[in-house]
Amino acid sequence: MNVSFRGTSVLVQQVSPEELFQVISDATSQQDPRRVEASTKRLKELFQQPGVYDALHEIAATKTLPVTIRIQASLQFKNEALKNWKSRKLQNDQNRANIRKRCLTFLDEEDATIADCNKVAVARIARADFPDAWPSLITDLMEVIDTNLQQRYVLSVDDHRSNLILQRALQLLCGVVKEFASMKMLNGIKVMKQLFDHLNGTINAYFVKVSENIQLPPNAQAFENPRLYTDLVISHLLFKTLVTLTTWIWQRFNKLSNAEKQMLESWLTGVFHQSVQQLQRLVSQRATVINLQPSDPSRLSPQTLLTHQILTKHIRRFGKFYLRMAAVDPRRMTELPNCSDVVMFYWGQVVEAANDFSAIKDTPSALYPVRFLVQGLVLFKDLVGQWTAHRRDGSANKNVLTANFIENAVKIIVTRLLPLTKDDLEGLEQDPEEWINTEEQETQQWEYELRPCSERVLVQISNQYPEYVTPLLKATFAEVADKPASDIGITNKEALYCAVGRCCGKLKGEIPFETWVSQVLIAEVQLPPNDPFVYLLQRRIAWVLGKWMSDSCCSPNNPIIWQILLHLLNQRGQESTVIRLSAAVSLREGVDTLDFDCKIFEPFLPQAVAQLMSLIGEANTYQSKRKVDDALNVVIDRAGKQIIPLVPLIINPIPELWKEADDDYLFKSSLLVTVTNVIKAIGPESTTLAHITVPLVRESMSQGANLDGDGSNLWKEAMRNTLTMDNPGPNETLASLMDVLVNQLKTNLDLLGTMIDITESYFLLDPARMLQIDATALFDVFLTLFKGPALIPNKKDSLGALNLLIQLNPASLWAEALHKSGLFPSLLDAFIIDKEDDSQILCEIEYVFSRIALSSPEAFLQLINTATPFIKAGREEGTHKDVPLSQSKIFELFLDRWWGTFDYMSEPRHRKLVAMATASLVGTGEPEILTRLHSEFFNLWMDVFGEIKEAQNPVTTNEEGVQVSSYLALYWEKDNAPASYYRETEGTPEYERRKAVFDSDPVRTTQLSAFVGAKLREAEAKTPNFQRYLADADPTVLQQIQAELA
């Protein structure tokens, strides 16, 4: 078709439905990969043609086509069309209307994948078009739902197609309601409120009606009935929609008006009450049926298994509903009638399950499905605090849990739910490292597993009811702690130790912890493996010690604790892995505490390092190796200089471990951190480690984002702590990494800040080296940084590094290269022609220029002269053409900006630097410079003279009779540089190098008044009739200048 656009006619090709069908057909070909590849490429092109999504949707909706083609079309529509739904280029209003109308033709769709794609599509389209462009959507869906519900539950017609349409319509309604419930913007909230008002009563009535028809007869064949399955599916879909509506209004309840609250109060109470009754009935009837069925799921029919699956899923939806309400407002939830009933019902199920542990399984057909029990425990945990004797605000609580109930709950958790189960032991035996890694992850995984969830429930109960729980645990501990594990069972004692660890905050000071450690635990870790599960107790001992130390419940400076942990680290044998891994983690937790005293730990340090290194090598998985290496890294960090004798033990295995790791970048990253920590700990002693660090840095920087972050940190620390970059070995010196540095500076914007720090380290270590190798190439890098897309802070830092380089080297090494590289002309151009409007960058450029002028004013003037032809940014008046600028114009613009930028500076040392550079330029006698002497330059000097006070102290003799050289006393600055100057190098050799540069800076060693006076005399000597440049000076200012210079 022809489309007019700004007076031109553009031919826009509509998509060909025939070609689109062929491309989709080819994409489903499983026998010819080349057709698939070609179709994928062509499909991307077709997606840019108008009408493509309408045609694609028509293919998906055509039920006479092969299902594979329709599925492919449905998936492509869902993935592509929805994100371009409002595109005027690809769709017109008629296309959208066709798609909306066609969406409801999928209501009798047999294929689940196509139906799911349509559900997503309808929800997303509704978000954009309902109610404005698609006002009939909800009405049409409710008509379909009502008609088919009537047919099934009033007329008692059990028709497959009618049931399918009903299910699909409910899925669409649920998807639309969920989509609007997730919206946060005001328009979306208004639409959702309309949906709520329209649907809440109807959907609730439908759910009650359908639920009444669900009865689970007490016989083994109850779940064989297909009608029961269909009723459960319909009830589940209705309840999902009802839950979405209820939770949406629940979380907005406090924002409603009083009239709305009164209207909805009874509705919310009714929904909650009905749900509780339905849950209790379904769970009870389900248990009756399951007790009559075979316990082996393989002996159940497919229909029975399907019914189990939907029924268990439906029951879990009740749990999700209650958990969401509790998460939003637990206090208001406990005020609902039946709330305590449902919590106690769930807790009763947990108690029953605890007494019949074999019936607990993570399968839909289990009598006590794990996730159902976990929901009950989490709900109990979230609400148990609402039934304490007093609320948080101090008011008395009407409903209070008794001491007897709390004590029984704790006993059930500790004696029934915390002990390791048969499944736990089997998993531990099959893959001990994986088991221990999963066990010790403090993540949200506990919300899906029974024993970890029980641990959190115990913690919550102990926090909310310490007056009941603490005495109970204390008494139990006193009764059991010193008894042999064989008397009460290894798993039972392990569970008690778990409770002692989880509740350590409440048991601190209540149990004789130090005595327990020194008398009981130290004996138990040495138990012979007579009981095959003794390693479980020893592993738990390691864990509980780490838990008490990390939670600051015991001192980490108890030598017996370290003896126990090192003994466990030294374990060998078939089941020793779980013990050693737990001991390594606990060692890290103890060392990484504020109260840790390295002097007390020093006798244990060699053995700790040796055992950790041994375990890194022996662990089977890289996740375990990484966990142990994390412990080693903390030990190194806290040990500091004490680690020096152990460096070979740590460093020598690194290359082999690195090689074995191959593409496990997480472990390689951990190894880089290890070497980095060693270098930081031993400081200048790390100079001899270049043969290790250089290859690691080179390889890690070549791996991109996988390793370059940790690799650059290693490189930075190596440079800061080394004494030389020229260790023996041509391929193993830090100097050999200069080519890598240049490449990283040009290409790695993500790490540019670190790379600039490393560059400064090279400058400080050997100021002339990089200039002597190729000064022009080096300045070309700085030019790339300045003109490229680097962030302003990075550009600022790069100019600071350039400033440092110029300060440290004579002009003979950098002056010519500054011009050849184009760096100086670019800086000058940006400085004088207003191409750079960031005041920080302008100041940094002026600092660089000041360093050049202070070092060699003649070189600076020569650089300006040679740069003049490259400054062509002037504009001819009345035109838009660039015209060359004369040298005098360049000087005029330069001096204007020089004076203007001076006002942006705040630090006295920077202002003095510019003042000295100005004096150096004056000393050249250049006429363009001297014309500003009587005005801007005098004013600049007077500003700085007024801001800083300094005096040149004469040569003196101290009390011991030793002569003290003359020095400049600075009354305007502290003795040390600001922290930003040192770049966090405190404690490293680089700190001393930076301090030496700072202390020898002419800005700090040269008296400004004497320097200015000397330069004025130089200018006077070089310039005939010099006084004419002073003729226009303000007599008062001139008199003040003379007074300062006197």
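**Entry 1. Terms and model**

I began with a term: a residue counts as exposed when its relative accessible area is over 50%, as buried when that area is under 20%, and as partly exposed in between. I noted that the structure is a predicted model.

**Entry 2. The pair R371 and D362**

I applied the term to D362, whose relative accessibility is 52%, so D362 counts as exposed. I then looked up its partner and found that D362 forms a salt bridge with R371, with 3.6 Å between the closest N and O atoms. R371 has a relative accessible area of 39% and is therefore partly exposed. I recorded the general point that side chains of opposite charge can pair when their charged atoms come close.

**Entry 3. Salt bridges between helices**

I looked up the total and found 52 salt bridges. I selected two of them for closer reading.

The side chains of E618 and R580 form a salt bridge, at 2.7 Å from N to O. I located E618 in helix α29 (residues 605–618) and R580 in helix α27 (residues 576–591); the two residues are 38 apart, and the pair links distant parts of the chain. I asked whether R580 is buried or exposed. Its relative accessibility is 3%, so R580 counts as buried. E618, at 41%, counts as partly exposed.

The side chains of R911 and E947 also form a salt bridge, at 2.7 Å from N to O. This pair, too, links distant parts of the chain: R911 lies in helix α45 (residues 908–922) and E947 in helix α47 (residues 933–947), 36 residues apart. R911 has a relative accessible area of 9% and is therefore buried, while E947, at 40%, counts as partly exposed.

I also traced a network in which salt bridges with shared partners join R720, D757, E760, D797, R983, E990 and R994.

**Entry 4. Helix α49**

I turned to helix α49 (residues 989–999), where two members of that network, E990 and R994, are found among the buried residues. The others listed as buried in this helix are P989, Y991, R993, V997 and F998. I asked which helices the buried residues of α49 pack against. They pack against α35 (708–721), α37 (752–765), α39 (792–808), α45, α48 (979–982) and α50 (1002–1005).

**Entry 5. Helices α1 and α3**

I noted that two packed helices are described by the angle between their axes and the distance between the axes. For helix α1 (residues 17–27) and helix α3 (residues 52–61), the axes come within 10 Å and cross at roughly 60°. The two helices are therefore oblique to each other. Their crossing is right-handed. On the side of α1, the contact involves L20, F21 and I24; on the side of α3, it involves V52, A55, L56 and I59. I classed the residues of this contact and found seven nonpolar, no polar and no charged.

**Entry 6. Helices α22 and α24**

I then looked up helix α22 (residues 490–502) and helix α24 (residues 513–524), whose axes come within 14 Å and cross at roughly 140°. That angle makes α22 oblique to α24. The crossing is left-handed. K493, Y497 and V500 of α22 make the contact with W516, V520, L521 and E524 of α24. I asked how the residues of this contact divide by class. There are five nonpolar, no polar and two charged residues.

Technical notes: Residues numbered from 1 in each chain as written. Predicted model: local features only at pLDDT ≥ 70, side-chain atom pairs only at ≥ 80, totals over all residues. Heavy atoms only, no water. Axes fitted to C-alpha atoms, helices over the stretch in contact; angles between N-to-C directions. Helix = DSSP H or I, 4+ residues; strand = E, 2+ residues; numbered from the N terminus. Parallel < 35°, antiparallel > 145°, perpendicular 65-115°, else oblique. Left-handed = near helix turned anticlockwise from the far one by under 90°. Contact = heavy atoms within 4.5 Å. Nonpolar A, V, L, I, M, F, W, Y, C, P; charged D, E, K, R; others polar. Salt bridge = Lys/Arg side-chain N within 4 Å of Asp/Glu carboxyl O. Buried < 20%, exposed > 50% of the residue type's maximum accessible area, 1.4 Å probe, protein only.
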